[in-house]
Amino acid sequence: MMKLKNMAGIFLMGVFAFSCKAQKKATLSTEKASQKSILFPKGEKITNDNFTGTAYLQILIAADSLNPTSVGNVTFEPGARTKWHLHPGGQILLVTDGVGYYQEKGQPIKVLRKGDVIKCLPNIVHWHGASIDAAFVQVAITNTQNGTPVWLEAVTDNEYTSSNK
């Protein structure tokens, strides 16, 4: 009877050890998959006052005299967003991850998800950023031929929370 209890104990410890190892392997696999899904580096924390909350920018292509187009990967933590602003030469947003919002002045808010594309026409006042509970990643393609972005007032908490339906 004692041998049977010992064998049962050893068996249960083996099952426990195996399940812990399998769980660790699954966690590592999930972490690797998450790292592989990142298209571009997160970049540096944005420290100017044109954003509410925490956002990061990785410049992929800087505009220059030969090509007046800048391309940047922007990562918004949940709740982070730009100020209202406009682009004299327009902008294109490619959503690569998460859930975010885009709103043009006087228009309803659009919910954005991975794979969505937004074409911001020249001189249209708008803002964009993460949803309240999810991070948001976009590639921003900005034409600077007619000038750099014009930053306006901050998106108020009331304007932002009215987007959370």
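Read along the sequence, the chain runs α-β-β-β-β-β-β-β-β-β-β-β-β-α. That pattern comes from 2 helices and 12 strands, where helices (H or I, at least four residues) and strands (E, at least two) are DSSP runs numbered from the N terminus. The model is a predicted one, so local features need pLDDT of at least 70 and side-chain atom pairs count only at pLDDT 80 or more, while totals for chains, interfaces and linings use all residues. Residues are numbered from 1 along each chain as its sequence is written, and side-chain values use heavy atoms, with hydrogens and water left out.

Confidence comes next. The mean pLDDT of the chain (pLDDT is the predictor's confidence in each residue, from 0 to 100) is 86, and 76% of the residues reach 70 or more. Over residues 15–20 the value drops below 50, and this stretch has 0 contacts in the model beyond near neighbours in sequence; contact here means heavy atoms within 4.5 Å. Residues 26–34 also stay under 50 in pLDDT, and for them the model shows 0 contacts beyond four places in sequence.

As for the chain as a whole, 31% of its 165 residues are buried, with buried meaning under 20% relative accessible area, exposed over 50%, and partly exposed in between (1.4 Å probe, protein chains only). Among contacts with a separation of 6 or more, 68% involve residues 24 or more positions apart. The accessible surface comes to about 10,500 Å², and carbon and sulfur atoms hold 61% of that; such areas come from the Shrake-Rupley method with a 1.4 Å probe, and for residues only the protein chains shown count as cover.

Two residues give a feel for how parts of the chain meet. Pro41 sits in the loop between α1 (2–37) and β1 (44–45) and is partly exposed, at 49% relative accessibility. Leaving aside neighbours within four places in sequence, Pro41 touches Gln58 and Asn73. Its C-alpha atom is 9.4 Å from that of Thr75, although the two residues are 34 apart along the chain. Ser70, in strand β4 (residues 69–76), has a longer list of partners outside four places in sequence: Ile61, Ala62, Ala63, Ala140, Ile141, Thr142 and Thr144. From Ser70 to Gln91, 21 residues away in sequence, the C-alpha to C-alpha distance is 9.5 Å.

Strand β7 (residues 91–104) holds Leu94, and β7 pairs with strand β8 (residues 110–113) in the antiparallel sense over 4 bridges. Two strands count as paired if DSSP finds at least two bridges between them. Within this pairing, Tyr102 has Lys110 of β8 as its bridge partner. The hairpin has 5 residues between the strands, and one of them, Gly106, takes a positive phi near 80 degrees. Leu94 itself is partly exposed, with a relative accessible area of 30%. Together with Ile92 and Val117, Leu94 makes a nonpolar surface patch of about 220 Å². Patches are made of residues with over 30% relative accessible area and no salt bridge, joining like charges within 9 Å and nonpolar side chains (Val, Leu, Ile, Met, Phe, Trp, Tyr) within 5 Å.

Another positive phi turns up at Asn123, at about 65 degrees, although this residue is not a glycine. Most residues other than glycine have a negative phi. Asn123 belongs to the loop between β9 (117–120) and β10 (126–130) and is partly exposed, at 47% relative accessibility.

Finally, the structure holds 2 salt bridges, each being a side-chain nitrogen of Lys or Arg within 4 Å of a carboxyl oxygen of Asp or Glu. In one, Asp157 pairs with Arg81, and the closest N and O atoms are 2.7 Å apart. This pair links distant parts of the chain, with Asp157 in helix α2 (residues 157–161) and Arg81 in strand β5 (residues 81–82), 76 residues apart. The two ends sit in contrasting surroundings: Asp157 is exposed at 56% relative accessibility, whereas Arg81 is buried at 3% relative accessible area. In the other, Glu153 pairs with Lys105, with 3.1 Å between the closest N and O atoms. Glu153 lies in the loop between β12 (150–151) and α2, and Lys105 in the loop between β7 and β8, so the bridge ties together parts 48 residues apart in sequence. Here Glu153 is partly exposed at 42% relative accessibility, and Lys105 is partly exposed at 43%.
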